[in-house]
Amino acid sequence: MAKKKRSVFWVVSTHVVTTGFAMPVVAGVVGSAIAVATEPSAVGRFFLLLGLQALGYIGGVYYSLSYIRKVALIEHPLACVKPSIITFAVLAVLGFAVNVVSLFGERSKEMNAVIGIVGLVVFYIVISFAFAKITQRGFRAIEGQMTPPSSGDVT
C-alpha cells in the first residue's frame with residue numbers, strides 16, 4: 001500500500017475514531033459473548049466489559065498508530081498529538097456522562113451506582129492517560145522516522 005500525504009485533520013480523526021470507537025466496539029462484542037457464556041453477576045459483567053474495553057482502547061491506540069505509520073505521510077507528526085488528546089478527552093467525558101446516566105437508569109436495579117461510578121472514573125482515567133502517553137510516544141517515533149531533506153533539496 002502506497003503512502004499518501006495526509007492532513008493533520010485526517011490523521012487525528014482516523015486515530016481517534018479507530019482508538020475510541022472501532023476497537024472498543026470489537027472488545028465490547030467479545031466481552032458480551034464471554035458474559036453470555038459465563039453468566040457473571042451484574043457487577044462481574046460490568047467489570048468484565050470495562051476490562052476488555054480498556055484493552056480495546058489501549059490496543060486500538062497501538063493499532064491506529066501502526067496503520068497511520070503504514071499509510072500516511074505526515075508533514076509534522078507532532079502537530080497531531082495535542083488535537084488527538086483533546087478530541088479523545090472530550091469524547092471520553094461524553095462517554096463518562098452517558099455511562100453515569102445509564103447507571104441511574106436501566107442498571108440501577110442491578111448494580112450499586114457508587115461502585116459503577118468509581119469503576120468508570122478509574123476506567124476513564126486509565127484509558128485517557130494511556131491514550132495520551134502512547135499517542136505522544138507514537139507520533140514522536142513517527143517524527144523520528146522521517147528522513148530529513150538532503151542538502152540539495154529546497155524547502
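Visitor: Which residues of α3 are buried?
Guide: This is a predicted model. A residue counts as buried when its relative accessible area is under 20%. In α3, the residues that meet this are Val81, Ser84, Phe88, Ala92, Gly95, Val100, Ser102 and Leu103.

Visitor: Which helices do the buried residues of α3 pack against?
Guide: Helix α3 covers residues 81-104. Packing here rests on contact, that is, heavy atoms within 4.5 Å. The partners of the buried residues of α3 are α1, α2 (42-71) and α4 (113-145).

Visitor: How far apart are the end C-alpha atoms of α3, and what span should its 24 residues have?
Guide: The expected span is 1.5 Å times one less than the number of residues. For the 24 residues of α3 this gives 34 Å, which agrees with the distance in the model. The end C-alpha atoms of α3 are 35 Å apart.

Visitor: What is the distance between the end C-alpha atoms of α4?
Guide: Helix α4 has 33 residues, so at 1.5 Å a residue it should span 48 Å. The distance in the model agrees with that, at 47 Å.

Visitor: Which residue has a side-chain oxygen that reaches a backbone nitrogen at the start of α4?
Guide: The backbone nitrogen belongs to Val114. The side-chain oxygen comes to within 2.7 Å of this nitrogen, and its residue is Asn112.

Visitor: Is Thr19 buried or exposed?
Guide: Thr19 sits in helix α1 (residues 8-38). Leaving aside neighbours within four places in sequence, Thr19 is in contact with Pro24, Tyr57, Gly60, Val61, Ser64, Phe88 and Phe131. Its relative accessibility is 0%, so Thr19 counts as buried.

Visitor: Which residue offers a backbone oxygen 3.4 Å from a polar atom of the side chain of Thr19?
Guide: A polar contact needs a pair of N or O atoms within 3.5 Å, and 3.4 Å meets that limit. The backbone oxygen belongs to Gly60.

Visitor: Which backbone oxygen does the side chain of Thr135 reach?
Guide: Thr135 is in helix α4 and is buried, with a relative accessible area of 0%. Not counting residues up to four places away in sequence, Thr135 touches His15, Val61, Leu65, Val81, Ser84 and Ala130. Its side chain reaches, at 2.7 Å, the backbone oxygen of Phe131.

Visitor: What is the relative accessible area of Ser102, and which backbone oxygen does its side chain reach?
Guide: Ser102 belongs to helix α3. Ser102 is buried because its relative accessible area, 18%, falls under the 20% limit. The backbone oxygen that its side chain reaches, at 2.8 Å, is that of Asn99.

Visitor: What is phi of Glu39?
Guide: Most residues other than glycine have a negative phi. Glu39 lies in the loop between α1 and α2 and, at 68% relative accessibility, counts as exposed. Its phi is positive, near 50 degrees.

Visitor: What separates the C-alpha atoms of Ala2 and Leu73?
Guide: Ala2 is in the segment before β1 (4-5), and at 64% relative accessibility it counts as exposed. Along the chain, Ala2 and Leu73 are 71 residues apart. Their C-alpha atoms are separated by 9.7 Å.

Visitor: Which residues are closest to the centre of the second largest pocket?
Guide: This pocket has a volume of about 280 Å³. It is lined by 13 residues, and the closest to its centre are Lys3, Ala72, Leu73, Ile74 and Met146.

Visitor: How many residues in the lining of the second largest pocket are charged?
Guide: α2, β2 (72-73) and α4 each supply at least two residues of the lining. By class, seven lining residues are nonpolar and two are polar, while the charged residues number four.

Note on methods:
Residues numbered from 1 in each chain as written. Predicted model: local features only at pLDDT ≥ 70, side-chain atom pairs only at ≥ 80, totals over all residues. Heavy atoms only, no water. Helix = DSSP H or I, 4+ residues; strand = E, 2+ residues; numbered from the N terminus. Buried < 20%, exposed > 50% of the residue type's maximum accessible area, 1.4 Å probe, protein only. Polar contact = N/O pair within 3.5 Å; in protein donor to acceptor, adjacent residues only side chain to side chain. 1 Å grid on protein atoms, 1.4 Å probe; cavity = no way out; pocket = protein on both sides within 12 Å on 5 of 7 lines; lining within 4 Å. Points joined across faces, edges and corners; volume = space filled by probe spheres on them. Nonpolar A, V, L, I, M, F, W, Y, C, P; charged D, E, K, R; others polar.
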